[in-house]
Amino acid sequence: MARLAGKRCLVTGAARGIGAAIARAFVREGGEVIITDIDVSRGRRTAADLGSAFLKLDVACEEDWAAAAAEFPAVDVLVNNAGITGFEEGAGPHDPEGASLASWRAVHAVNLDGTFLGCRYAIGAMKARKAGAIINISSRSGMVGIPGAAAYASSKAAVRNHTKTVALYCAMQGWDIRCNSIHPGAILTPMWEPLLGDGPDRPARMEALVAETPQKRFGTPEEVAAVAVLLASDEAGYVTGAEFTIDGGLLAGSAAVPR
Ligand code: NDP
């Protein structure tokens with residue numbers, strides 16, 4: 001059964017990683033998908049693979065969202081997936097004492113401003129039909145403090161909270177526009193490659209990174225996409241303002257082993 005048949009779905013940061021997996025799963029479920037990304041060449045390749053449309057969309061850029069609204073004035077599903085950690089530009093420090101204001105702002109511009117602008121666009125593109133689903137990709141880092149990635153954790157926590165504000169706002173208007181957040185733990189995507197490398201110690205590095213995850217492995221982008229499909233579909237009609245961890249059990253309890 002095609003669970004997203006007849007639904008137009010826009011996914012940000014969908015050229016690769018989790019966004020691409022969500023786009024692929026949406027297409028499989030019969031959705032009409034619009035791939036968007038800041039990376040035009042990879043975005044076009046992914047869109048061609050899936051037989052989808054492509055639009056260049058820098059989520060931090062208000063003008064790009066206005067262009068998206070002009071080209072796609074109506075959507076049924078929006079996934080605010082694009083995100084950065086801050087480590088793309090350099091190793092840091094990204095802790096609360098050493099992080100630069102410029103890097104703090106750059107991370108919030110993409111992760112938080114991008115999600116705010118996306119939600120604002122989606123409300124406008126859904127309210128004529130008074131229905132739709134907005135899915136915000138936050139992180140497990142939005143639920144706990146991360147000493148080494150202060151801006152990332154702060155921005156993802158704000159995404160979690162804004163999701164609930166949007167959900168309540170839409171419900172108050174009497175619209176069936178639902179808004180939920182997903183909180184992945186360690187999901188194996190190209191985002192991790194700089195940390196893993198391709199040397200002989202790669203397996204040991206991978207093992208170390210998930211040593212405190214109860215399921216002792218990375219998650220896959222497809223495991224995140226499966227939850228996104230559910231939230232996008234009408235089956236989740238009574239789910240709004242909710243948060244879903246996909247983290248191998250990491251947040252089920254303290255990572256510290258009790259004595
Ligand atoms: P990737 O880095 O693999 O993919 C992200 C994509 O978003 C890239 O194509 C990237 O383009 C694009 N992008 C970056 N900045 C912008 C922008 N301003 N506007 C539009 N697109 C942009 O990331 P993941 O797939 O791993 O992560 C996807 C989401 O999931 C992110 O929000 C991330 O924070 C979140 N997440 C990921 C986890 C993980 O373990 N992978 C864990 C928890 C949350 P380019 O390559 O050119 O930068």
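**Aromatic pairs and backbone features**

In this predicted model, W192 counts as buried, with a relative accessibility of 17%. That value falls under the 20% limit that defines a buried residue. F218 is also classed as buried, at 8% relative accessibility. Both residues return below as partners in an aromatic pair.

The structure contains three aromatic pairs. One of them is formed by W65 and Y121. Their ring centres are 5.4 Å apart, and the planes meet at 35°. The pair is therefore classed as tilted, because an angle that is neither under 30 degrees nor over 60 falls in that class. W65 belongs to helix α3, which spans residues 62-71. Y121 belongs to helix α4, which spans residues 101-126. The two positions are 56 residues apart in sequence, so the contact ties together separate parts of the chain. W65 is buried, with a relative accessible area of 4%. Y121 is buried as well, at 7%.

W192 and F218 form another aromatic pair, with an edge-to-face arrangement. The centre-to-centre distance is 5.3 Å. The planes stand at 85° to each other. This pair links distant parts of the chain, 26 residues apart. W192 sits in the loop between β6 (176-184) and α6 (193-196). F218 sits in the loop between α7 and α8.

The loop between α7 (202-209) and α8 (221-232) also holds K216. This lysine has a positive phi, near 55°, although K216 is not a glycine. K216 counts as exposed, at 53% relative accessibility. F218, in the loop between α7 and α8, is buried at 8%.

K130 likewise has a positive phi near 55° in a residue other than glycine. K130 lies in the loop between α4 and β5, the latter covering residues 131-137. At 49% relative accessibility, K130 counts as partly exposed. The exposed class requires a value over 50%, so K130 does not enter it.

A further backbone feature is a cis peptide bond. This bond joins G92 and P93. Its omega is about 15°. P93 is located in the loop between strand β4 (77-80) and helix α4 (101-126). Helix α4 also carries Y121, the partner of W65.

Terms used
Residues are numbered from 1 along each chain as its sequence is written. This is a predicted model: local features need pLDDT of at least 70, side-chain atom pairs count only at pLDDT 80 or more; totals for chains, interfaces and linings use all residues. Side-chain values use heavy atoms; hydrogens and water are left out. Helices (H or I, at least four residues) and strands (E, at least two) are DSSP runs, numbered from the N terminus. Buried means under 20% relative accessible area, exposed over 50%, partly exposed in between (1.4 Å probe, protein chains only). Rings of Phe, Tyr and Trp (its six-membered ring) pair if their centres lie within 6.5 Å; planes under 30 degrees apart count as stacked, over 60 as edge-to-face and the rest as tilted.
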